[in-house]
Amino acid sequence: MSVVAQEPVTPGPQPGPLTTLRTILFGRPEAKFATVVVALFIIIAAIAPWIAPYDPLTQSILAINKPPSTEHWLGTDLYGRDVLSRLIYGSRNSLLFGFISPVLAAFFGTLLGVVAGYFGGIIDRVISRLVDLLLAFPELLLAILIAAALGGGFWNIITVITIAFVPGFARVARAQTLAVKQDPFVEAAISMGVRTPVIIVRHIVPNIMAPIVALMTLWVASAIRLEASLSFLGLGTQPPNPSWGNIIRDGLQSLFGSPWPIIGAGAAITLVVLSFNLVGDAVRDALDPSTAR
Amino acid sequence: MLRNLFVRLIDTIPTLFLVLTLVFVAMRILPGDPAVAVLGDTATPEQLAVYREQMGLNVPVWQQYLDFLWGTVTLDLGRSYATGMPVTELIARNLPYTIELTVVAMILGSIVGIPLGVIAATHRNKAPDSGVRLFSLIGYAIPDFYLAALLLIVFGLNLKWFPLSGGGDPNFLDQLHHVVLPAVTLAFVKAAFLGRLTRTSLLEVFGKDYIRTARAKGATENRVIYRHGLRNAMLPIATGLGLSTLATLSGSVAVELVFNRPGIGRLLIDAIAQRDYSVIQGGVLVFAIFVVVINLVMDLLYVLIDPRVRVQ
């Protein structure tokens, strides 16, 4: 964390935020590939009703477990539903959970971490102990345990994934707050009598955002994976609504029928998670150079 | 060393207590009446009363809590509502399968992952390094249940090299035959993680002065890599090993489901589907104890690997 020798700062035109974003997303060739894949999936999710060849829920007894053909590019599943259409609609679920949960977790985690780091004392001890305890559990295990209590459904899944991610954000936010709190501008604000909420919102939070945002982008991929895992276990998106996880779950039930639902949905998850991981790495390396490889 | 062990052991007691309390609270904040949830809306008040009596739900919450704590200490976790079997017996029956799977996956993952990391680090930015990087990128992204399903389709269904489901008969060879595909699935993910971790840790150590000194005094390359390099990179690798054991454990839930294999993960998932609360509670408890114990073992391993780490 500590910078030993500071480079002399050369005043010059600062690159605009858009230029920075472009360098992050299109800088390395692998980041470029990942950005294109991510963009493609976002577009597919957005225009799903117009590009899906069939309704994802319409069943057909006449076309059960069909292999790929010109009519059904990825074949049909055990209820005769078009696999490609279910994959296209499933992308909506994955991306929604992938974006909403990390943002919510970042909000609540930062709140907890900043409060613990800023006030210290007994508040810090209680929050830190709880965070340490939750961090000891792998995210998937924690999510399964909470889902066992809450059950499925859209907001329950959001809650489950959010709670699983909160401790990570809280730990980072706490550590950063402890560092920023020592800075002269915070001490100056305190001695000038600025109210505590104002100090936290105006002086602390903006200065700890970089690692939080980096973590948030990295965890989009984890959230997508987690939703897929929960749906696969029957604890996430409930049938008949399509999600990449429950498409694989259904596929396993008709293993002797057609392997295509499994192959298609799994390839989609892997590709999207891989791409979000690469984008997340690029964002982290740009925002938080201390952890760069 | 003994004092160390003792302090760490004492330290796990409040943690375990906190975990137990969280499990209890989580099972009680369920929306709705558990009796109604299990028996359905059509159950008569008499049936509901009988269920509450059986499950110990007819006493005040604080007494339920004390009963739960006492039951945990005396290994009496109640009976499964679905099968009527004692939860402790269900756990005892399933636990060996999960431990077998996790241990085999750990061994496989380590003997593949760590050497891969060494190869990547010693061939930095060359073809082997890129290959290992690609492998770990895929390993980080592929969901374990998807990989499990692919292996099942290719090696179970089409090539018929391995059985499709189950845990195997109680003889060593058949058990081994059944554990291969599930273990390879989890080991793949683990090897990807360990490979990347070993590479990073080794490269960091290779930048140290004592590596240059070792080279300068004419130590063979193998001695530099293994004696001076890998040995000093062991601490982060051991941490990673501990972390990924936990990840393997949670991965075992999905893998057990894919291969229709007995185990604690499947016991828990089946119980959730049937709303069999005492079994859910027991399954959650087993995983929580695993987490606490593995963290404890990790802490103790640090002291063994690096004597500089001591209890503060």
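## Reading a two-chain helical model

Tutor: Let's start with one residue: Ser222(A) is buried, because 23 other C-beta atoms lie within 10 Å of its own, and the cut-off for buried is 20 or more. Keep in mind that this is a predicted model.

Student: Where is Ser222(A) found?

Tutor: Look in helix 9 of chain A. For a sense of distance, try Trp73(A): it sits 149 residues from Ser222(A) along the chain, and the two C-alpha atoms are separated by 29 Å.

Student: What does chain A as a whole look like, in helices and strands?

Tutor: Count the elements and you get 11 helices and 0 strands. Its C-alpha trace spans about 75 × 45 × 30 Å along the principal axes. Of its 293 residues, 44% count as buried. As for contacts with a separation of 6 or more, 70% of those in chain A join residues 24 or more positions apart.

Student: How do I check a helix, say helix 4 of chain A, for its span?

Tutor: Use the rise of 1.5 Å a residue. Helix 4 of chain A covers residues 83–119, which is 37 residues, so it should span 54 Å. In the model its end C-alpha atoms are 53 Å apart, which agrees. Just after the helix comes Gly120(A), with a positive phi near 60°.

Student: How many residues of helix 4 of chain A are buried?

Tutor: The count is 26 of the 37, so the helix is largely enclosed by the rest of the structure.

Student: And pLDDT, what should I do with that?

Tutor: The general idea is that where pLDDT is low, the predicted coordinates should not be read in detail. Chain A averages 84, and 92% of its residues score at least 70. Among its elements, helix 4 of chain A has the highest mean pLDDT, 91, while helix 1 (residues 17–26) of chain A has the lowest, 74. Over residues 1–5 of chain A the pLDDT is below 50, and that stretch has 2 contacts in the model beyond near neighbours in sequence.

Student: Which peptide bond in chain A is cis?

Tutor: First the background: most residues other than glycine have a negative phi, and most peptide bonds are trans. In chain A, the bond from Pro239(A) to Pro240(A) is cis, with omega near 10°. You'll find Pro240(A) in the loop between helix 9 and helix 10 of chain A.

Student: What about phi in chain B: is the value for Leu75(B) positive or negative?

Tutor: Positive, near 60°, in a residue other than glycine. Leu75(B) is in the loop between helix 4 (61–73) and helix 5 (87–122) of chain B. It is exposed, with 11 other C-beta atoms within 10 Å. Asn125(B) is another case, with phi near 60°. Asn125(B) belongs to the loop between helix 5 and helix 6 (127–141) of chain B, and it is exposed too, with 9 other C-beta atoms within 10 Å.

Student: How many helices does chain B have?

Tutor: There are 12, along with 0 strands. The C-alpha atoms of chain B fill a box of roughly 85 × 55 × 35 Å along the principal axes. Of the 312 residues in chain B, 36% count as buried.

Student: At what angle do helix 10 and helix 11 of chain B cross?

Tutor: Follow the two axes: helix 10 (residues 221–258) and helix 11 (residues 264–274) of chain B come within 7 Å and cross at roughly 80°. That makes the two helices roughly perpendicular. The contact divides into 4 nonpolar, 2 polar and 2 charged residues. On the helix 10 side of chain B you can pick out Ser252(B), Val253(B), Glu256(B) and Leu257(B), and they meet Gly265(B), Arg266(B), Leu268(B) and Ile269(B) in helix 11 of chain B.

Student: How many residues does each chain bring to the contact between chain A and chain B?

Tutor: Chain A brings 29 and chain B brings 33. The elements of chain A that give two or more residues are helix 6 (139–150), helix 9 (196–232), helix 10 (244–253) and helix 11 (260–287). Helix 11 of chain A gives the most, with 7 residues. By class, the chain A side has 22 nonpolar, 5 polar and 2 charged residues.

Notes: Residues are numbered from 1 along each chain as its sequence is written. Chains are lettered from A and ligands numbered from 1 in the order in which they are written. This is a predicted model: local features need pLDDT of at least 70, side-chain atom pairs count only at pLDDT 80 or more; totals for chains, interfaces and linings use all residues. Helices (H or I, at least four residues) and strands (E, at least two) are DSSP runs, numbered from the N terminus. The expected span of a helix is 1.5 Å times one less than its number of residues. A residue is buried if 20 or more other C-beta atoms lie within 10 Å of its own, exposed if 12 or fewer, and partly exposed in between; C-beta atoms are placed from the backbone. Axes are lines fitted to C-alpha atoms, for helices over the stretch in contact, and angles run from 0 to 180 degrees between N-to-C directions. Angles under 35 degrees count as roughly parallel, over 145 as roughly antiparallel, 65 to 115 as roughly perpendicular and the rest as oblique. Two residues are in contact if their C-beta atoms, placed from the backbone, lie within 7 Å. Ala, Val, Leu, Ile, Met, Phe, Trp, Tyr, Cys and Pro count as nonpolar, Asp, Glu, Lys and Arg as charged, and the others, Gly among them, as polar. pLDDT is the predictor's confidence in each residue, from 0 to 100.
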